[in-house]
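Here are some notes to read alongside the model, for anyone opening it for the first time. They go through the pockets, then a hairpin, then a single residue.

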Amino acid sequence: MTFVNFTNHPAATWSDVQLAAAEKYGEIVELPFPVVHSTSSEKDITALADELADKIMAMDPAAVMCQGEFTLAYAVIRRLRSNGIKVVAACSERMVEMNEEGKKVVTFHFEQFREYE
């Protein structure tokens with residue numbers, strides 16, 4: 001089984017905690033979330049969602065983390081869930097601090113994966 005990372009956040013940049021949480025589902029497989037142009041039509045999104053959902057299902061995932069452009073993500077999530085595939089989002093705590101130069105520094109601390117209903 002696999003954990004499909006269908007985002008633009010490569011697993012190589014994840015914390016050890018997030019990696020361990022993903023690996024509970026299986027080997028992490030990367031599938032970059034595509035660029036969705038603002039001129040894309042609903043028909044374009046439907047066709048792309050069908051193609052991507054089929055590609056993801058062929059990977060036999062135990063779970064899929066899907067995060068990206070909202071209309072495409074929603075369409076893919078619906079297709080995967082209707083085929084019994086668990087789809088999750090990474091939930092992180094946003095931490096904002098000021099550095100020594102007075103610039104805002106934002107970091108995210110992974111807490112859990114939350115399943116889409």
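1. Start with the largest pocket, which holds about 300 Å³ of space. A pocket here is an open set of points on a 1 Å grid over the protein atoms alone, where a 1.4 Å probe fits, with protein on both sides within 12 Å along at least five of seven lines. Points are joined across faces, edges and corners, and the volume is the space filled by probe spheres set on them.

2. Before going on: this is a predicted model, where local features need pLDDT of at least 70 and side-chain atom pairs pLDDT 80 or more, while totals for chains, interfaces and linings use all residues. Numbering runs from 1 along each chain as its sequence is written, and side-chain values use heavy atoms, without hydrogens and water.

3. What lines that largest pocket? Among the residues with an atom within 4 Å of a point are His 9, Trp 14, Met 65, Gln 67, Ser 92 and Phe 108. By type, the lining has five nonpolar, seven polar and no charged residues. Ala, Val, Leu, Ile, Met, Phe, Trp, Tyr, Cys and Pro count as nonpolar, Asp, Glu, Lys and Arg as charged, and the others, Gly among them, as polar.

4. Strand E5 gives the largest share of this lining, three residues. Strands are DSSP runs of E, at least two residues, and helices are runs of H or I, at least four, numbered from the N terminus.

5. Now look at E4 (residues 86-98) and E5 (residues 104-115), antiparallel strands joined by eleven bridges; pairing takes at least two DSSP bridges. One pair of bridge partners is Val 96 and Val 106. The two strands make a hairpin with five residues between them, and Gly 102 in the turn has a positive phi of about 80°.

6. The second largest pocket has a volume of about 150 Å³. Helix H3 (residues 70-82) contributes the most to its lining, six residues. Here the split is six nonpolar, two polar and three charged.

7. Is Thr 7 buried or exposed? It counts as buried because its relative accessibility is 3% (buried is under 20% relative accessible area, exposed over 50%, partly exposed in between, with a 1.4 Å probe and protein chains only). Thr 7 sits in the loop between strand E1 (2-6) and helix H1 (16-23). Leaving aside neighbours within four places in sequence, Thr 7 is in contact (heavy atoms within 4.5 Å) with Leu 31, Pro 32, Phe 33, Met 65 and Gln 67.
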